[in-house]
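Biologist: I would like to learn how to read a protein model. Could we start with a single residue and work outwards?

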Amino acid sequence: MMMTHPKFLLQTVLALSLSALLLGCGKNGDAQAQQPQKTATVQPTSTPASTVNATAATPAVATLGQVSVSQEELKQFLLVLPAAQREAMRNDRVVLEQWLRSRLAEKAVVQQAKTQEWDKRSEIHHAIEEAQNQVILRSYLQSVSEPAADYPSEQDLQTAYQANQDQFQLPAMYRLSQIFLSVPDKDEQALAQAKKRADAWVKQMREGKAEFAALAKENSDEKVSAERGGDNGFLPVSQLVPAMRSIVSRLEPGQISDPIVQADGLHILKVTDIRPASVRALDEVKPALRDALRRQRQQEATQAYVAAMLDADTVAVDGKVLSQLLQQTQEP
């Protein structure tokens, strides 16, 4: 069928370095990759008594050898997700358990690397230091650029709302019913027979001799909507196939289309109601608008802070030293 309710699919992206490895996991999640030549056993490490007591009081959500994912860790992961993704993961145990397995695998690899003093290597130490500096940088800049608690004001919100009306537009919505007759691809004879039936129904309905809902329940090959008398609910024309868009946009409530031929068969459409295009109310968009204005104000404050720091001191670049360095890093 060429017209259905929109389905919003979860597109949760888990930025996990071992996701590719997990594609090769067996039924029980055991990695099929070749084990390192050195000991592959995660060595137990000493654990503070306070940690042991806390673990005993609150059992881990998942464990792998000596590593585990605590309830608090999983809770924090879920809380930082957008609300829609968090709710989707709460209802999809497969995705959630995949994240747990990935997290355990990461922790196990890190612990194994530490037993081999991998974190003591000079390049690793430098990378850790740089990562630490980036965390400090972001945290500090956020602290010095945080907008005042009362920003934005109601007037700020009203001004931004009026200046961005195009972003709050809601398209016209059409409540559509349909009768769908499935036709095998390239079966001209079946198509002709279906067209004859559809033309007769359209004529009967327009003359008031037949009811759309009754015909849909009895004859439509799209069983989900057929049970509702063909009703597909409210849809914007953008969610219809191109051949239907111009037809639907010209129909008034109560009007019925001529049969529409598509690759999968014939559609007869009826517009039962129309919601005109509108603008979302300020109260509806206020939370998102407030967040956007605060992010913008914080970004501007961060840029101003860094610019002022550069202006406060004289930046000196030694051209000779820079040239020598560039020469040293040229490809041979």
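Modeller: This is a predicted model. Take V67, which counts as buried because its relative accessibility is 6% and the cut-off for buried is under 20%. V67 is found in strand 2, residues 67–69.

Biologist: Which residues is V67 in contact with, leaving aside its neighbours within four places in sequence?

Modeller: The contacts of V67 beyond those neighbours are A62, L104, K107, A108 and Q111. Take Q111 as the example: V67 and Q111 are 44 residues apart along the chain, yet their C-alpha atoms are separated by 8.2 Å.

Biologist: Is N232 buried or exposed?

Modeller: N232 is buried, with a relative accessible area of 2%. N232 belongs to strand 5, residues 231–235. A polar atom of the N232 side chain lies 3.1 Å from the backbone oxygen of G230.

Biologist: How do I read the sides of a helix?

Modeller: The general idea is that an α-helix has 3.6 residues a turn, so residues three or four places apart point the same way. Helix 7, residues 154–163, is a case to try, with L157, A160 and Y161 buried. These three residues are on the same side of helix 7 because they cover an arc of only 105° around the axis.

Biologist: Which exposed residues are carried by the face of helix 7 turned away from its buried side?

Modeller: That face carries Q155 and A163, both exposed.

Biologist: Next, strands. In what order do the strands of the open sheet lie?

Modeller: The sheet has four strands in the order 5-4-7-6, and the pairing is antiparallel. Strand 5 and strand 6 are the edge strands, each pairing on one side only. From one strand to the next, the twist averages 35°.

Biologist: What packs on this sheet?

Modeller: Helix 8 does, touching strand 4, strand 6 and strand 7. The direction of helix 8 makes about 30° with that of strand 7.

Biologist: How many bridges pair strand 4 with strand 7?

Modeller: Ten bridges, in the antiparallel sense, pair strand 4 (residues 173–182) with strand 7 (residues 265–275). To follow one of them, start at R175 and go to its bridge partner in strand 7, D273.

Biologist: And how many bridges join strand 6 to strand 7?

Modeller: Three bridges join strand 6, residues 260–262, to strand 7, and the two run antiparallel. They form a hairpin with two residues between the strands. Here V261 has L266 in strand 7 as its bridge partner.

Biologist: Last, what should I look for in a core?

Modeller: In soluble globular proteins, nonpolar side chains tend to be buried together. In this model the largest nonpolar core has 15 residues, and those touching the most other members are I179, L181, W201, M205, F212, L215 and I268. Strand 4, helix 8 (188–206), helix 9 (212–219) and strand 7 each supply at least two residues of this core.

Biologist: Which element gives the largest share of this core?

Modeller: Helix 8 gives the largest share, five residues. For a view from one member, look at I179: leaving aside neighbours within four places in sequence, its contacts include W201, M205, F212, L215 and I268. Another core, of 13 residues, lies apart from the largest one, and among its members are A62, F77, M89 and A108. Two of these names came up earlier, since A62 and A108 are among the contacts of V67.

Key:
Residues are numbered from 1 along each chain as its sequence is written. This is a predicted model: local features need pLDDT of at least 70, side-chain atom pairs count only at pLDDT 80 or more; totals for chains, interfaces and linings use all residues. Side-chain values use heavy atoms; hydrogens and water are left out. Buried means under 20% relative accessible area, exposed over 50%, partly exposed in between (1.4 Å probe, protein chains only). The arc is that of the directions from the helix axis to the C-beta atoms. Two strands pair if DSSP finds at least two bridges between them. A polar contact is a pair of N or O atoms within 3.5 Å; within protein, one must be able to donate a hydrogen and the other to accept it, and residues adjacent in sequence count only if both atoms are side-chain atoms. Contact means heavy atoms within 4.5 Å. A nonpolar core is a set of buried Ala, Val, Leu, Ile, Met, Phe, Trp, Tyr and Cys residues joined through side-chain atoms within 4.5 Å. Axes are lines fitted to C-alpha atoms, for helices over the stretch in contact, and angles run from 0 to 180 degrees between N-to-C directions.
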